[in-house]
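Please look over the sequence and the structure shown below before reading on. The report that follows describes strands, helices, buried side chains and aromatic rings in turn.

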Amino acid sequence: MKIAIIDYGAGNIKSIQFALNRLGFDGVLTNNPYEIRSADKVIFPGVGEASSAMKKLKSSGLDELIPTLTQPVLGICLGMQLMCNHTEEGDTKGLGIFDTNVVQFSNQVKVPHMGWNDIKTADEKQFFCRTSTGFVYFVHSFYAEICEETIATTHYLTDFSAALQKDNFYGVQFHPEKSGLVGEKLLQNFLNL
């Protein structure tokens with residue numbers, strides 16, 4: 001199986017590669033449109049700031065490529081947020097794959113939200129719901145609002161989207177590659193799609 005990890009200078013690349021290796025797979029780090037389009041699965045990672053990340057996507061044309069992909073695509077953390085319509089971080093227009101906006105946690109809670117939370121699934125038929133239940137690891141200051149494409153939620157001050165899905169696009173706010181056996185199972189489910 002060919003797995004492309006999108007390289008745009010804003011990723012937690014090594015931990016994703018190690019997680020894939022533990023499952024018996026290799027991920028190719030690339031920003032080459034042909035390699036991405038021809039991959040069986042695509043992972044869109046992200047750690048960093050939204051507006052600078054979007055500038056990097058635009059400079060390489062990846063902002064136009066990603067929404068046209070037809071194979072399963074998994075956005076992680078900032079990768080998922082950039083797949084939404086808009087994020088308050090840097091007042092950044094997103095890729096518009098998920099019909100929701102990303103907003104900042106208020107100062108009523110400690111920001112960033114960092115640590116382990118359990119997740120509630122919205123629909124038992126989703127690939128995501130076939131994980132074992134348990135806690136997953138979050139570290140973020142912004143969150144995607146709940147919408148029709150929300151397939152799992154969690155709570156920190158308010159309920160928000162822990163996972164989104166539309167057609168072949170999947171997104172998780174947490175880091176499956178850092179979420180132990182539950183995260184490993186989710187990555188395996190994604191690879192099995």
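With which side chain does the side chain of Asn117 make a polar contact at 2.9 Å? In this model, which is predicted, that partner is the side chain of His113.

**Asn117 and its surroundings**

Asn117 belongs to strand S8, which covers residues 113-118. A further polar contact, at 3.4 Å, joins the side chain of Asn117 to the side chain of Thr154. When residues up to four places away in sequence are left aside, Asn117 touches Gly134, Phe135, Val136, Phe138, Thr154 and His155. Asn117 counts as buried because its relative accessibility is 11%, and the cut-off for being buried is under 20%.

**The open sheet**

Eight strands make up an open sheet with mixed pairing, and their order is S2-S1-S3-S4-S14-S13-S12-S9. At its edges are S2 and strand S9 (120-121), each of which pairs on one side only. Helix H6, residues 180-192, packs on this sheet and touches S1, S3, strand S4 (73-76) and strand S14 (169-172). The direction of H6 makes about 140° with that of S3.

Strand S1, residues 3-6, can be followed residue by residue. S1 runs parallel to strand S2 (residues 27-30), to which four bridges join it, and it also runs parallel to strand S3 (residues 41-44), to which three bridges join it. Ile5 has a bridge partner in each of these neighbours, namely Leu29 in S2 and Ile43 in S3, while Ile3 stands opposite Lys41 in S3.

In a regular strand the side chains alternate between the two faces of the sheet. In S1, Ile3 and Ile5 lie on one side and Ala4 and Ile6 on the other, and all of these residues are buried, so that both faces of the strand are covered.

**Helix H1**

The buried residues of H1 are Ile13, Ser15, Ile16, Gln17, Ala19 and Leu20. An α-helix has 3.6 residues a turn, so residues three or four places apart point the same way. The elements that cover the buried residues of H1 include S1, S2, S3, S4 and H6. Just after H1, Gly24 takes a positive phi of about 90°.

**Aromatic pairs**

The count of aromatic pairs comes to nine. Two of them are set out here, and each links distant parts of the chain.

| Pair | Centre to centre | Angle between planes | Arrangement |
|---|---|---|---|
| Tyr8 and Phe44 | 5.3 Å | 55° | tilted |
| Phe138 and Phe160 | 6.0 Å | 85° | edge-to-face |

Tyr8 sits in the loop between S1 and helix H1 (13-22), whereas Phe44 is in strand S3, 36 residues apart from it. Both rings belong to buried residues, since Tyr8 has a relative accessible area of 5% and Phe44 has one of 0%.

In the other pair, Phe138 in strand S10 (residues 135-140) and Phe160 in strand S13 (residues 158-166) are 22 residues apart. Phe138 counts as buried at 0% relative accessibility, and Phe160 is likewise buried, with a relative accessible area of 0%. Why does the Phe138 and Phe160 pair count as edge-to-face? The angle between the planes is 85°, and pairs with planes over 60 degrees apart are placed in that class. Phe138 and Phe160 also belong to one aromatic cluster, together with Phe105, Tyr143, Tyr156 and Phe174.

**Nonpolar cores**

The largest nonpolar core has 32 residues, and those touching the most other members are Leu20, Ile43, Leu74, Ile76, Phe138, Val172 and Phe174. Two or more residues of this core come from each of S1, H1, S4, S10, strand S12 (150-156), S13, S14 and H6. H6 gives the largest share, which is five residues. Separate from this core is a second one of 31 residues, whose members include Ile36, Ala53, Leu78 and Met83.

Phe138 recurs in several of these descriptions, as a contact of Asn117, as a member of the aromatic cluster and among the residues of the largest nonpolar core that touch the most other members.

Key. Residues numbered from 1 in each chain as written. Predicted model: local features only at pLDDT ≥ 70, side-chain atom pairs only at ≥ 80, totals over all residues. Heavy atoms only, no water. Buried < 20%, exposed > 50% of the residue type's maximum accessible area, 1.4 Å probe, protein only. Pairing = 2+ DSSP bridges. Phe/Tyr/Trp six-rings, centres within 6.5 Å; stacked < 30°, edge-to-face > 60°. Contact = heavy atoms within 4.5 Å. Axes fitted to C-alpha atoms, helices over the stretch in contact; angles between N-to-C directions. Core = buried A, V, L, I, M, F, W, Y, C linked by side-chain atoms within 4.5 Å. Polar contact = N/O pair within 3.5 Å; in protein donor to acceptor, adjacent residues only side chain to side chain.
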